[in-house]
Amino acid sequence: MVSSSLILSVVALAASVIAAPAAPAITPAPVASAVAKRGTSCTFSGANGYASASKSQASCATIVLNNVAVPSGVTLDLSKMKAGTNVIFQGTTTWGYKEWKGPLLQIQGSGIKVSGASGAVLDGQGAKWWDGEGDSGKVKPKFFAAHKLTGSTITNLHIKNTPVQAVSINGCDGLTITNMTIDDSAGDAGAKGHNTDGFDIGSSNNVVIDGARVYNQDDCVAINSGTNIVFKNCLCSGGHGLSIGSVGGRDNNVVDTVTFSNNQVTKSVQAIRVKAKAGTTGKINKVTYSDITMSAISKYGILIEQNYDGGDLHGTATSNLPITGLTLSNISGKGAVSSSGNNVVVTCGSSSSCTGWKWSNVSVTGGKKYASCSNVPSVTACS
Ligand SMILES: *[C@@H]1O[C@H](CO)[C@@H](O)[C@H](O)[C@H]1NC(C)=O
Ligand SMILES: *[C@@H]1O[C@H](CO)[C@@H](O)[C@H](O)[C@H]1NC(C)=O
Ligand SMILES: *[C@@H]1O[C@H](CO)[C@@H](O)[C@H](O)[C@H]1NC(C)=O
């Protein structure tokens, strides 16, 4: 139900839509013109909201999605908006159940400003899909494709219970995501939630993620390719920590200039992980981790590997995807790693495939020493 005080207005399609009293889709404003004017604010609600928004998006300067209930098996698709459109989520946005690949939400464009109103929640209702098998088992829709966004911002979005991966950032240039919450912690019960990556970033430049809180069961953030990416002031809980990669074997295999700063990683399998796929080519250059605090890490405090093959530390490390200029400073993890885990693990293919590293004030303890490190640069040691 939409409160009667809410002012609903839309121009395009107004004539063709009949608003049912119980769940008004869109209510026409008292405007005769069928041509959208600049400054038009459109509000879409209820079960028809997704379809109306898809159709009318190009004629709205502001799109308000108010308690939209997206039906099963379709994408809430905002990929055809005018440059500079504002998108505001209000109330609870839900999606119906179906086994399919998604995405459930897609936003694309230039100068787009997406925000969540106070109390707004995007609820993927993941429990309907969660079977403990993630990418296998039931076919699960990816949640949010933030693709081809340029000069855009996403602020204060609260996402919960994604069926599988949460936010995919791809083909973006100039995207700032501030204060996003991704809460898949309900998937911890019975280990049902799996492969619920927080942010997967590929082929994107100039991306800033600031103040995110991610509670999940896989990478908090995984950067497969891209340049000038910053991930700062974030909390990662329950998952696989702050990851570069896996890099290698994709269309784009270059990661250059990435900074993780002032992040907290807790209750996670790893905290810091850089994964180069064995036997592939590419490069990982100028990645910095600074002011990272870790606690309750079960397997690896810091893992830098050139022998990733879908699993960690498999086979022999190779050297055609060099890791250069890797900087770690102020890494705090005293007693953070479980006694069966390893504190710092480094496997490089050769002495020339890991160069220009600078590590200072790195303290990670609690676990045991890993026995099969290789070609470890002198700034660190396996421990
Ligand atoms: C993000 O959250 C912080 C802390 O609550 C707040 O100070 C800041 O203004 C928020 N940023 C935006 C862009 O809303
Ligand atoms: C490390 O921490 C110290 C003390 O808080 C600070 O002065 C320094 O700037 C930090 N170094 C980096 C690279 O962030
Ligand atoms: C080392 O890092 C910790 C936080 O990780 C910081 O509190 C401390 O001041 C740093 N020490 C120096 C000498 O930079």
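Biologist: How many helices and strands does the secondary structure of the protein come to?

Modeller: In this predicted model, the protein has 1 helix and 27 strands. A run counts as a strand when DSSP assigns E to at least two residues, and as a helix when H or I covers at least four.

Biologist: What makes a residue buried, and what percentage of the residues in the protein are buried?

Modeller: The term requires under 20% relative accessible area. Of the 383 residues in the protein, 52% are buried. The protein exposes about 14800 Å², of which carbon and sulfur atoms supply 50%.

Biologist: Which residues have the most contacts inside the largest nonpolar core?

Modeller: That core has 82 residues, and those with the most contacts inside it are F144, I169, F199, I244, F260 and Y289. Apart from it lies another core, of 5 residues, including Y300 and L313.

Biologist: Why is F199 called a contact of I169?

Modeller: Contact means heavy atoms within 4.5 Å, so the two residues have heavy atoms within that distance. Leaving aside neighbours within four places in sequence, I169 is also in contact with A146, H147 and L175, among others.

Biologist: How do you know that D291 makes a polar contact with ligand 2?

Modeller: The cut-off is 3.5 Å between N or O atoms. A polar side-chain atom of D291 lies 3.1 Å from an oxygen atom of ligand 2, so the pair qualifies. Taken alone, ligand 2 exposes 360 Å², and the protein buries 29% of that.

Biologist: Which residues are around ligand 2?

Modeller: They are D291, S329 and N330.

Conventions: Residues are numbered from 1 along each chain as its sequence is written. Chains are lettered from A and ligands numbered from 1 in the order in which they are written. This is a predicted model: local features need pLDDT of at least 70, side-chain atom pairs count only at pLDDT 80 or more; totals for chains, interfaces and linings use all residues. Side-chain values use heavy atoms; hydrogens and water are left out. A residue is near a molecule or strand if one of its heavy atoms lies within 4 Å of it. A polar contact is a pair of N or O atoms within 3.5 Å; within protein, one must be able to donate a hydrogen and the other to accept it, and residues adjacent in sequence count only if both atoms are side-chain atoms. Accessible areas come from the Shrake-Rupley method with a 1.4 Å probe; for residues, only the protein chains shown count as cover. A nonpolar core is a set of buried Ala, Val, Leu, Ile, Met, Phe, Trp, Tyr and Cys residues joined through side-chain atoms within 4.5 Å. Buried means under 20% relative accessible area, exposed over 50%, partly exposed in between (1.4 Å probe, protein chains only).
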